[in-house]
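Got the structure open in your viewer? Here is a short tour, stop by stop, with something to select at each one.

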Amino acid sequence: MLPGQFVVPPAAVGPGGRAPGHAAGGGGPGAAETTVPQSRDAPHCPPGAAMAQDRPSRQRAASPSGKPVSDIIRNLDGVSVIGGMLSNCIPKIKEKALNALNNLSMNMKNQEEIQVFIIQVCRTVESAPLNSDVQLAGLRLLTNMSVTSDYHQKMINSIPCFLHLLSEGTERTQIQVLKVLVNLSANPAMTRHLLGPQVPALVLLFDNCINRDILARALAFAANLKKNMNDEEGTMIEEYSEASVFFTLCRDSAPFAQRLASLLHHPDAEVKEQVVRILTQ
């Protein structure tokens, strides 16, 4: 798989039951991220790397009639019913609704119905208490819904919030929001939207002391943006403020360059691979 390349959710790849983000043969640097159907976080893996725990069973849950349960739920308008629970004011109900939609989002046909709730899910992530179960559940759903570029436009207005969570969130929140940002950054059409927000503390993520799962994803995010910038002609520097992501990562930033040089000595091969990817673009 090429750096930053998208992969297709399982319903579109045919037999084999591969999850979004896990193409045959494994992913490459900056490959699309996915979230396992579950109600709690699973062990995290670096961008583009497949873990056995991250792969849903090849056998889809089936009803006594032999039809996949997710298909029955969709055919009975269950997606709309579950989506309607996102407006419930009780956090636990909202969290369970988000987790249920996340489970269903592993199916492409279900994504076509779930996408109408993306803006509401983004608002839920923004308004939920920082690092709460509701916020994390929303980010897990957005991770799966951003595996392809089909629904990226619906998330544009929440990009400043996603980047803010990198500065304010716990490690769990940072890892989950970085999965969304890596997926968005693999889409060249999202580059300007990702480069504009002001995130002064972003450069602090590129440090040898940072959690390896956070560091590897932050580097994949930066590498995708750098590649998109190099591929794009006529970038107007005056569009961006000095505190923007653009000036932090793409405008020959001395602090960022110094941190990259230090990370070349990082013990993790994935981290070093991402650093080289940035430096050679």
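One yardstick before we start: a residue is called buried under 20% relative accessible area, exposed over 50%, and partly exposed in between, using a 1.4 Å probe and protein chains only. You are looking at a predicted model, in which local features need pLDDT of at least 70 and side-chain atom pairs count only at pLDDT 80 or more, while totals for chains, interfaces and linings use all residues. Residues are numbered from 1 along each chain as its sequence is written, and side-chain values use heavy atoms, with hydrogens and water left out.

**Stop 1: some aromatic rings**

Select Tyr 240, Phe 246 and Phe 247. Ring pairs link these residues into a cluster. Rings of Phe, Tyr and Trp (its six-membered ring) pair if their centres lie within 6.5 Å; planes under 30 degrees apart count as stacked, over 60 as edge-to-face, and the rest as tilted. How many aromatic pairs does a search of the whole structure find? It finds three. One of them is Tyr 240 with Phe 246, a stacked pair with 4.6 Å centre to centre and 20° between the planes. Now turn to Phe 246 and Phe 247: this pair is edge-to-face, at 5.3 Å centre to centre and with 85° between the planes.

How covered are these rings? Tyr 240 has a relative accessible area of 8%, so it is buried. Phe 246 is buried too, because its relative accessibility is 3%. Phe 247 comes out at 22%, so it counts as partly exposed.

**Stop 2: helix α9**

Next, pick Val 177. You'll find it in helix α9, residues 171–185. (Helices are DSSP runs of H or I with at least four residues, strands are runs of E with at least two, and both are numbered from the N terminus.) Is Val 177 buried or exposed? It counts as buried, because its relative accessibility is 0%.

Show what surrounds it. Contact here means heavy atoms within 4.5 Å. Setting aside residues up to four places away in sequence, Val 177 touches Leu 139, Phe 162, Leu 165 and Leu 166. Try a distance label between the C-alpha atoms of Val 177 and Leu 165: they are 7.2 Å apart, with the two positions 12 residues apart along the chain.

**Stop 3: helix α6**

Move to Thr 124, in helix α6 (residues 118–127). At 7% relative accessibility, Thr 124 counts as buried. Which residues does it contact, leaving aside neighbours within four places in sequence? They are Lys 94, Leu 98 and Val 134.

**Stop 4: a salt bridge within one helix**

Select Lys 92 and Glu 95. Both lie in helix α4 (residues 91–104), three residues apart, which is about one turn of the helix. They form a salt bridge, with the closest N and O atoms 3.2 Å apart. The rule is a side-chain nitrogen of Lys or Arg within 4 Å of a carboxyl oxygen of Asp or Glu, and by it the count comes to five salt bridges. Lys 92 is partly exposed at 39% relative accessibility, whereas Glu 95 is buried at 5%.

**Stop 5: salt bridges across the sequence**

Now show Arg 259 and Asp 207. Their salt bridge has its closest N and O atoms 3.3 Å apart. This pair links distant parts of the chain, 52 residues apart: Arg 259 is in helix α13, and Asp 207 is in the loop between α10 (191–195) and α11.

Then select Asp 268 and Arg 212, another salt bridge, where the closest N and O atoms are 2.9 Å apart. Asp 268 sits in the loop between α13 and α14 and Arg 212 in helix α11, so the pair ties together parts that are 56 residues apart in sequence. Add Asp 213 to the selection: salt bridges that share partners join Arg 212, Asp 213 and Asp 268 into one network.

**Last stop: helix α14**

Finish with helix α14, residues 269–279, where Glu 270, Val 271, Gln 274, Val 275, Arg 277 and Ile 278 are buried. They are on the same side of α14, because they cover an arc of only 160° around the axis, taken from the directions from the helix axis to the C-beta atoms. To see what covers these buried residues, show α11 (212–231) and α13 (254–263), which are included in that cover.
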